[in-house]
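Open the model in your viewer and keep the selection panel at hand. Each stop below gives you something to select.

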Amino acid sequence: MADTYTIMARVLVTGASGFIGAKLSERLVARGDEVTCLVRPKSHRGALDPLGVRYAWGDVRDADAMHAAVAEANVVYHLAGLASAFCAQDLMQVNCGGFRNVASACAQCDQPPVLVSVSSLAAAGPSPPGRERTESDPAEPVSNYGRAKRAAELVAEEFADRVPITIVRPPIVFGEGDTQMRNVFRSIFRYGVHVALGVAGSRYSLIHVDDLCDALIACADNGKRLAPAGAAQTTSPPQGYYFVAADERPTFAELGIMIGKSLGRQSVHVLKSRSTAGIWTAAAVAEGISRLRGQPYILSFDKAREASAGNWVCSPLNIRRDLHVAPRVSVLDRLRQTSNWYLQKKWL
Ligand SMILES: NC(=O)c1ccc[n+]([C@@H]2O[C@H](COP(=O)([O-])OP(=O)(O)OC[C@H]3O[C@@H](n4cnc5c(N)ncnc54)[C@H](OP(=O)(O)O)[C@@H]3O)[C@@H](O)[C@H]2O)c1
């Protein structure tokens, strides 16, 4: 099997209608790749139509549709996933079952494509006490989302003898087009108020979407691939797993102040929760409202499990050493870029 590809690849992007997938599709088109986007009938294609991409139609839970979608590709970027759901089973079906269908479809190709799968820091878990998490640390997910993402990583190892697979584990991703962090920016812009949900003093890795796209493309081009399940691991960190992150690791309160700066605000009033009780109360309210509306919301009991777990800081050294990719500018500059975009689009 080939495990690198050259410029002008035939690429499939799953999750292309989402925040990161749309940005990645734009970048791939700009570099000259022939891009096919996996979408569903109700997917928002507003950001994709102007790119002139081709579409493959289907749900990742549909194995036959995935077989048809990957048939022509020599690179597959797998981003389709659920960040929140009312039950753990839904997360498992989409994030793990969906990945299995994509990986299995790749394995059935005569020349299996390179598969770059976007997992999450949540699959690995929070930082060990007193230090950042590295790829060598055993995975210890604390949420249903994290467990589903980790289950998909283990499925990837099952296919690693047939498919060249690289797993990328981003922390919080922010940037233009993101609807989750928009609420944080909006509260600071409109009211000068930032609700710091998380254990006070906990630090977070984060990455801008452009820097994540640089990393994903570098992984497809030259990333190391997973070792097959059961194969003796000769390397530490284990081959084919990469964290990506900016150098800055703010607390949630510090992040609010940086966002305030990026929006030109002199001061931001930070509301900190003194104990995890505040996190659980906020999650209970959000969970209740989202169940009434019938629409899962990112703030939920599952996110409260993550928010009360301490630091979420990961080391980006492995990917920097292997692939020489690092964020091009500071987080504050990226926040300014994001704020300008939100303001231009009147999203705040
Ligand atoms: N954003 C972050 O902070 C972050 C951090 C770490 C990891 N990640 C991971 O990065 C990936 C992309 O995240 P994102 O923030 O761009 O998410 P997003 O904006 O919520 O987009 C999710 C995408 O997945 C698609 N999708 C969901 N269920 C699907 C299904 N059953 N079949 C086919 N497509 C399906 C959605 O399609 P529709 O438009 O049809 O719904 C959408 O294109 C996810 O795997 C996520 O877990 C994100």
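Which residues does Gly-223 touch, not counting residues up to four places away in sequence? Select Gly-223 in this predicted model. Its contacts are Thr-166, Ala-218, Tyr-242 and Leu-323.

Stay on Gly-223 and show the backbone. Gly-223 sits in the loop that runs between α7 (209-222) and β10 (241-243). Is Gly-223 buried or exposed? Gly-223 is buried, because 28 other C-beta atoms lie within 10 Å, and the cut-off for buried is 20 or more. Now add Val-114. Val-114 and Gly-223 are 109 residues apart in sequence, yet their C-alpha atoms are 9.8 Å apart in space.

Next, the ligand. Select the residues around it: there are 25. Colour Gly-15, Gly-18, Ser-43, Ala-80 and Gly-81, which are the closest. Then switch to secondary structure. α1 (19-30), α3 (88-107) and β7 (172-174) each supply at least two residues of the shell. Which element gives the most? α1 does, with 3 residues. Colour the shell by class: 13 residues are nonpolar, 9 polar and 3 charged.

Now zoom out to the domains. Select 10-176, 205-247 and 313-328 for domain 1. Select 182-202 and 249-307 for domain 2. The C-alpha centres of domain 1 and domain 2 lie 26 Å apart. Where they meet, domain 1 brings 11 residues to the contact and domain 2 brings 9. What classes make up the side of domain 1 that touches domain 2? That side has 7 nonpolar and 4 polar residues, and no charged ones.

Terms used. Residues numbered from 1 in each chain as written. Predicted model: local features only at pLDDT ≥ 70, side-chain atom pairs only at ≥ 80, totals over all residues. Domains from an automatic or database assignment. Contact = placed C-beta atoms within 7 Å. Nonpolar A, V, L, I, M, F, W, Y, C, P; charged D, E, K, R; others polar. Helix = DSSP H or I, 4+ residues; strand = E, 2+ residues; numbered from the N terminus. Buried ≥ 20, exposed ≤ 12 C-beta atoms within 10 Å, placed from the backbone. Near = placed C-beta within 6 Å.
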